[in-house]
Amino acid sequence: MFTDTPYFGNPLAVVLGAEGLSDEQMRRFANWTNLSETTFVLPPRDSGADYLVRIFTPSSELPFAGHPTLGTCHAWLQAGGRPARPGLVVQECGAGLVAIKQTEAGLAFAAPPLVRQGPVEDEVAERVAKALNIGRNDMVDIQWADNGPGWVAVLLDSAKAVLAIQPGTVTMDIGVAGLYPPGAPEALEVRAFSGQVSTVEDPVTGSLNASLAQWLLGTGRIQAPYVASQGTAIGRRGRVRISQDGDGQVWVGGSVVTCISGTVEL
């Protein structure tokens, strides 16, 4: 996900036709894949949705996540899924209904509303600084930017500063961003650190890019459309396309490539 080159970006396992699987079977399979997320596609419960997706990390279930949203939609369409409204897929998940546009540049999901935003507590800021091995004064700003996974967003003074981070022990979901100089191919460098994924750093993170866009666009620090780079520090070369429509809705897009397909035994 978020790449047009196989074996870059962020991998995802999608299990189609997951009816009849128990919660325990889903958890066990997601733990076995050891990917940041594994999704299971089910018939929708909401009449306005095209399908229902459940999203699991190796250790827990998430109400929403970005790259699983695009990857699941890609797999569902590739398997012959037909949305009720041409060009617009509606996904049901723990966070509610999420619209996904089909565009010439690929799929893009509508950034869901933030469930928590605003300044973080001093104790949280100290924990974040310690986890990132940086000082409080290195942070230009720090805010809650939670759209489900629980993101705390940190703005540093440059993309170079973001790439220089050497994190320590991470026990919460931390997103870090810094701007590239004007005229650079990408506008933003993003890194995501979490205690919930199989490795400390998540390669490319749709939910974080969604909430960062809402925060940075809302505060006038960046203008849409723009491209965010993520996964650079770990060789994944992810690219996330951010746009905003006339109603102010933020859309998060990226390319998706199928690398493996087949059947699984559960």
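The accessible surface of this chain adds up to about 12100 Å², and 50% of that belongs to carbon and sulfur atoms. Keep in mind as you read that you're looking at a predicted model.

## The overall build

Let's start with the big picture. The chain holds five helices and 16 strands. Its radius of gyration is 18 Å, close to the 18 Å that the globule rule gives for 266 residues, so the chain is as compact as a globular protein of that length. If you follow the C-alpha trace along its principal axes, it spans about 50 × 40 × 30 Å.

How much of the chain counts as buried? Of its 266 residues, 51% do. There's also plenty of long-range contact to look at: take the contacts between residues at least 6 apart in sequence, and 57% of them join residues at least 24 apart.

## The nonpolar cores

Now for the inside. The largest nonpolar core has 44 residues, and the members that touch the most others are Y51, I100, F109, L188, I242 and V252. Helix 5 gives this core its largest share, seven residues. Apart from that core lies another one, made of 21 residues, with A125, V154, V176 and F193 among them.

L188 is a nice residue to click on. Which residues does L188 touch, once you skip those up to four places away in sequence? The list runs A177, G178, L179, Y180, L216, I222, Y226, V227, A228 and S229.

## Salt bridges

Time for some charge. Side chains of opposite charge can pair when their charged atoms come close. Here the count comes to nine salt bridges, and three of them are set out below.

| Pair | Closest N to O distance |
|---|---|
| R127 and E123 | 3.9 Å |
| D141 and R221 | 3.3 Å |
| R239 and E186 | 3.1 Å |

Take R127 and E123 to begin with. Why are they about one helical turn apart? Both sit in helix 3 (residues 122-132), and they are separated by about one turn because they are four residues apart there. R127 is partly exposed, with a relative accessible area of 35%, and E123 is partly exposed too, at 48%.

Next come D141 and R221, which meet in a salt bridge at 3.3 Å. D141 belongs to strand 9 (residues 141-146), while R221 is in the loop between helix 5 (206-218) and strand 14 (226-230), so this pair ties together parts that are 80 residues apart in sequence. Buried or partly exposed: which label fits D141? With 19% relative accessibility, D141 counts as buried. The cut-off for buried is under 20%, whereas R221, at 31%, counts as partly exposed.

The pair R239 and E186 has its closest N and O atoms 3.1 Å apart. R239 lies in strand 15 (residues 238-244) and E186 in the loop between strand 11 (174-179) and strand 12 (188-193), so the pair ties together parts that are 53 residues apart in sequence. R239 counts as partly exposed at 30% relative accessibility, and E186 counts as buried at 17%.

Some salt bridges share partners, and in this way D23, R54 and E61 are joined into one network.

## Cysteines without a bond

How many disulfides does a search of the whole structure find? The answer is zero. C73 is in no disulfide, and the nearest cysteine sulfur, that of C93, is 12 Å away. Why is there no bond from C93? The closest cysteine sulfur to that of C93 is in C73, and 12 Å is too far for a bond, because a disulfide needs the two sulfur atoms within 2.5 Å. C73 counts as buried at 0% relative accessibility, and C93 is buried as well, with 6%.

## A proline in a loop

Last stop: P43. Where does P43 lie? You'll find P43 in the loop between strand 2 (38-42) and strand 3 (51-56). P43 counts as partly exposed, at 45% relative accessibility. Leaving out residues up to four places away in sequence, P43 touches E19 and L52. And then there's G17: P43 and G17 are 26 residues apart in sequence, while their C-alpha atoms are 8.3 Å apart in space.

Notes:
Residues numbered from 1 in each chain as written. Predicted model: local features only at pLDDT ≥ 70, side-chain atom pairs only at ≥ 80, totals over all residues. Heavy atoms only, no water. Salt bridge = Lys/Arg side-chain N within 4 Å of Asp/Glu carboxyl O. Helix = DSSP H or I, 4+ residues; strand = E, 2+ residues; numbered from the N terminus. Buried < 20%, exposed > 50% of the residue type's maximum accessible area, 1.4 Å probe, protein only. Core = buried A, V, L, I, M, F, W, Y, C linked by side-chain atoms within 4.5 Å. Contact = heavy atoms within 4.5 Å. Rg over C-alpha atoms; globule rule 2.2 N^0.38 Å. Areas by Shrake-Rupley, 256 points an atom, 1.4 Å probe, with all protein chains shown as cover.
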